[in-house]
Amino acid sequence: MRHTLSKLLGPISAVLVILTIWLGLFVTPPDVDQGELVRLVYIHPALAVEALYASVGMAALCSALYLWPRTRSMRMDRLAASAIEVGVVFNILTLVTGSIWGRPTWGVWWTWDARLTSTALLLVLSLGYLALRRVPAEPHVRARRCAIAAIVAAVNVPIIHFSVVWWQTLHQGCTAICPGLTYKIHGSMGWTLLLSFVAFTTCFAWMVVSRYRIDVLRDSGHDGALDDALEARRSEGVPS
Amino acid sequence: MASAIHLRSAVALTGRFPVLAGVDLDLDEGSVLVVLGANGAGKTSLLRLLAGLLALQSGTGEILGCDLSSHSRHVRRRVGLLGHDVGLYDELRPLENLTFALRAGRLDPALAAPALERTGITGRVAETPLGQLSAGQRRRVGLALLIARRPRLWLLDEPHASLDAPTRELVGELVEEAARAGATVVATSHEPELSVPMADLVATMAGGMIARMDLGGRQVFEGGD
Amino acid sequence: MLRDALLVAGRDLRIEARSKVALWQVVPFSVLAMILFTFALGPNPAALTVSAPGFFWIALLFASILATQRSLSIEGSQATRESTRLLGLDPAGVFLGKVGALVAELVVIETILVGGTVLLYHVAFRNWLLLVASCALAAIGLASASVLYGSLAGGDRVRSTLLPILVLPVVAPVLIAGSRAFVAAIGSSGDGGRWVAVLAVFAIVYSVLGIVLYGPMEEI
């Protein structure tokens, strides 16, 4: 059942993303103020949510579960690493789409707006996590270090979340759902935006599962290698 | 007699290499075990496993009543390890190093000076930062730390290395005293002529396992089986 | 925990007093950085005064990385790390002790940098209490984050390049809040209290994280 679900994730996410793009490009109307540029709203916020919250949140949760003795397993470590790695991809796409939207809107490709800056910082934090992951160490030592790094990085997320409020910058305020639950985007645009969140969340999940499977396959090769290594080691003691 | 060490099929890895490939070992408290073997046989790794510094990949291990897998911190508090590198602070003097270690272990810092005197670390040597001492002098400071801490399990990695003749004799005396006081001693060695006479049991390691077990000189001397 | 923290802090400070690495290497580096910033910007007094907050905090960040490297190199060798682990110290106490010693060194560096800012960048402070509070809290936050990440980064060889990548993004809020508090202390803005609060939150969060997470790091 689990295997079937994960096999279907790829096609489902592909369909949803294509549907989102089709609706965003051809069905929804242009915005009164932003014109055609508004179509980026069907990609950028969803990417940002996955990069900032889903990726780091999942990594932090799995890392906490790894550090907790009762739930400690390499599965949690692999999931955390997969979430961060996929999150890096989404983060880069967030910054790129943000820049594409920012150029005609603000007149510059990049500005030191608090949310953009914090997103870039999170990207660097994630890259630091991946750099830490590549430091030679025993698997459990590496897993423990990375788990701690992920949890500490997750502390940065609330700072990002409140950055718009704290620093009152160029970045847009809430786009669709605002405090007080007043909706700012209506009709087909609103539904397409909602669909984009579902589509990119599914896409994120599929990429994490795929990345996780690669790690499992690689480590199972190592497990088999352990038995061979033990046999070779023991034979060192046998007189020739 | 209570069990000090109980290992069954103990496997430990460094990276992905099995430094220990299934060690079986039972040792009572108050016993002295000397471990012989070629370079790379796993002697030092065995000591590190017993000290709770190397993770048990598979198998079971109990050291001084504490499970190695789940209570490695408790194991570490009860053992004393003298390695090739004594692992103290180069900028501090011998007395300062020992005082720090004793305070950390909630022991009386006044034990430091007599222990250093016992190992011949006195006068000018005692006032010299550790980093400026010779390898033999550093080892004697490491021995002094063991004397002062009096752990229940002594782990000595080639204890005679870098030591002059009088200090080598001292090692034998200290091991004997520790065993009589109820401590357990495990020592690796490349010098069987020095180490076997002080042992109850002699294990020979090869390929990350204990290949054979013999009686040591201490048992023979005392007329053991 | 506190007992072990005092023991470890005393050890680290005694070692620093003997080796004087912070005094003869880190402090000169900080001063040199301030001078180099002047060369980069040009000898325009007005521009230097405006840029002073940023220069101060960047110099302090780089100095804190060096000081952290030095602090962690005290247990640089595997043998020393293992020997320390065998002593039975409370990991949270070890963390607090190393942070405490590092804070003491950073406070000295900050004092010298403030002097440099006044002399080299012609800055006049109006609110010394705000300056002292922000520097003290920043030192705690920087030390906590640096010691925590530094212990993650492994041995000396890898840590020298990995530590800046790990720590500098994390302490960016310290840079932002510190420089804003600096501006307020000069009297150029009135929201110093908010930025001191940010520094306080950062210091508390990373101190607590270190106390909680240092133990799991020690486990094999």
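This is a short talk on chain A, the nonpolar cores, and the contact between chains B and C in a predicted model.

Okay, hi everyone. Keep in mind that what you have in front of you is a predicted model.

Let's begin with chain A. What does its secondary structure come to? Seven helices and zero strands. So if you walk along the sequence, the pattern you read off is α-α-α-α-α-α-α. Chain A has 240 residues, and 46% of them are buried. Now look at the contacts in chain A with a separation of 6 or more: 76% of those come from residues 24 or more positions apart.

Next, the inside. As a bit of background, nonpolar side chains in soluble globular proteins tend to be buried together. Here, the largest nonpolar core has 163 residues. Which residues have the most contacts inside that core? Those are A:Tyr129, B:Leu98 and C:Tyr149. As for helices, H6 of chain C, residues 128-152, gives the most to this core, with 12 residues.

Let's zoom in on A:Tyr129. Leaving out residues up to four places away in sequence, A:Tyr129 touches several residues of chain A, including A:Asp77, A:Ile84 and A:Cys146. There is also a contact with another chain: A:Tyr129 touches C:Leu166.

And there's a second, separate core, with 34 residues. Among them are B:Ala12, B:Val19, B:Val35 and B:Leu54.

Now on to where chain B meets chain C. On the B side 28 residues are in contact, and on the C side 29. Together the two chains bury about 2500 Å², with 55% of that on carbon and sulfur atoms.

How many salt bridges are there between chain B and chain C? The count is four. If you'd like one to find on screen, try C:Asp4 with B:Arg106, where the closest N and O atoms are 2.8 Å apart. Across this interface there are also 11 residue pairs in polar contact, counting pairs with both residues at pLDDT 80 or more.

Which parts of chain B supply the side that touches chain C? Helix H2 (72-78), strand S6 (79-82) and helix H3 (94-104) each supply at least two residues. H3 of chain B gives the most, with five residues. Sorted by class, that side of chain B has 13 nonpolar, four polar and 11 charged residues.

That's my tour, thanks for listening!

Methods:
Residues numbered from 1 in each chain as written. Chains lettered and ligands numbered in written order. Predicted model: local features only at pLDDT ≥ 70, side-chain atom pairs only at ≥ 80, totals over all residues. Heavy atoms only, no water. Core = buried A, V, L, I, M, F, W, Y, C linked by side-chain atoms within 4.5 Å. Buried < 20%, exposed > 50% of the residue type's maximum accessible area, 1.4 Å probe, protein only. Helix = DSSP H or I, 4+ residues; strand = E, 2+ residues; numbered from the N terminus. Contact = heavy atoms within 4.5 Å. Buried area = accessible area lost by both parts, 1.4 Å probe. Salt bridge = Lys/Arg side-chain N within 4 Å of Asp/Glu carboxyl O. Polar contact = N/O pair within 3.5 Å; in protein donor to acceptor, adjacent residues only side chain to side chain. Nonpolar A, V, L, I, M, F, W, Y, C, P; charged D, E, K, R; others polar.
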